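Let us walk through this structure one piece at a time. Keep the model open beside the text.

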Amino acid sequence: ISLGALTDFALCGVFQAAPKKAMYALGSLLPAVLFALSFLPQLHKLAIRRDMCEYSFAHSGVYIVGSVANFIVLSAPVTKSFGQALLEGAPFISIIVIQTLLVLAALSAICRRPARECAAATDSVVADLPVAV
């Protein structure tokens, strides 16, 4: 028996014995919070340093549209209360909030950055791109 199998078996027992609210927090809220926290370095890069390198508005747009659609589908059944839909949709809500903050920070970075700095940054990024031979 491997260590992984023992760990899986132990976790299965813990999950079966744990209260439902604790399981919800572990399985839904914790991943949503950790996922949102994973975007903090990019948010810092955009908001504080005003660095637009490697940021994509299209990527954030797809994330937001997809998360809104998932949340709508998740909360569509009439049998669910709004509070229950919010709890189940926590991962999608965290994506919507953090991606919206990223878009706002990126727009702010664009507006506060002098035009010549943007041109210089773009030139240096283009100069670093590999050239196909």
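Start in helix H3 with Lys45, which touches Arg50, Asp51, Cys53 and Glu54, not counting residues up to four places away in sequence. Contact here means heavy atoms within 4.5 Å. Lys45 lies in helix H3. At 19% relative accessibility, Lys45 counts as buried. The classes are these: buried is under 20% relative accessible area, exposed is over 50%, and partly exposed is in between, with a 1.4 Å probe and protein chains only.

Some ground rules come next. This is a predicted model, where local features need pLDDT of at least 70, side-chain atom pairs count only at pLDDT 80 or more, and totals for chains, interfaces and linings use all residues. Residues are numbered from 1 along each chain as its sequence is written, and side-chain values use heavy atoms, with hydrogens and water left out.

Now the overall layout. The chain has seven helices and zero strands. Its pattern along the sequence reads α-α-α-α-α-α-α. Helices (H or I, at least four residues) and strands (E, at least two) are DSSP runs, numbered from the N terminus. The chain holds 133 residues, and 20% of them count as buried. It exposes about 9,300 Å², with carbon and sulfur atoms supplying 73% of that area. Areas come from the Shrake-Rupley method with a 1.4 Å probe; for residues, only the protein chains shown count as cover. Take the contacts between residues at least 6 apart in sequence: 70% of them join residues at least 24 apart.

Move to helix H2, residues 20-37. Its 18 residues reach 25 Å from first C-alpha to last, close to the 26 Å expected at 1.5 Å a residue. That expected span is 1.5 Å times one less than the number of residues. Where does H2 bend? The bend is at Leu29, by about 35 degrees, and a proline, Pro31, follows within four residues. A bend is the angle between axes fitted to the seven residues ending at a position and the seven starting there. The buried residues of H2 are Ser28, Ala32 and Ala36.

Helix H3 spans residues 40-47, and Leu40 lies in it. Leu40 counts as partly exposed, at 40% relative accessibility. Leu40 and Ile98 are 58 residues apart in sequence, yet 8.4 Å apart in space, C-alpha to C-alpha.

Helix H4 covers residues 57-75. Its 19 residues should span 27 Å at 1.5 Å a residue, and its end C-alpha atoms are 27 Å apart, which agrees. Ser60, Ser67 and Phe71 are buried in H4. These three cover an arc of only 35 degrees around the axis, so they sit on the same side of H4. The arc is that of the directions from the helix axis to the C-beta atoms. Turned away from that buried side is a face carrying the exposed residues Ala58, Val62, Val65, Ile72 and Val73. Ser56 caps the N-terminal end of H4, with a side-chain oxygen 3.4 Å from the backbone nitrogen of Ala58.

Helix H6, residues 90-112, includes Gln99. Is Gln99 buried or exposed? Gln99 is buried, with a relative accessible area of 1%. Its side chain makes a polar contact with the side chain of Ser60, at 2.6 Å. A polar contact is a pair of N or O atoms within 3.5 Å; within protein, one must be able to donate a hydrogen and the other to accept it, and residues adjacent in sequence count only if both atoms are side-chain atoms. Beyond four places in sequence, Gln99 touches Phe39, Ser60, Tyr63 and Ile64.

Phe92 is also found in H6. Phe92 counts as partly exposed, at 23% relative accessibility. Leaving out residues up to four places away, Phe92 touches Ser67, Asn70, Phe71 and Leu74. Phe92 and Val68 are 24 residues apart in sequence and 7.2 Å apart in space, C-alpha to C-alpha.

Ile93 belongs to H6 too. With the same exclusion of residues up to four places away, Ile93 touches Phe71 and Leu86.

End with Ala109, which lies in H6. At 0% relative accessibility, Ala109 counts as buried. Neighbours within four places aside, Ala109 is in contact with Leu46, Arg50 and Met52. Arg50 is also among the residues that Lys45 touches.
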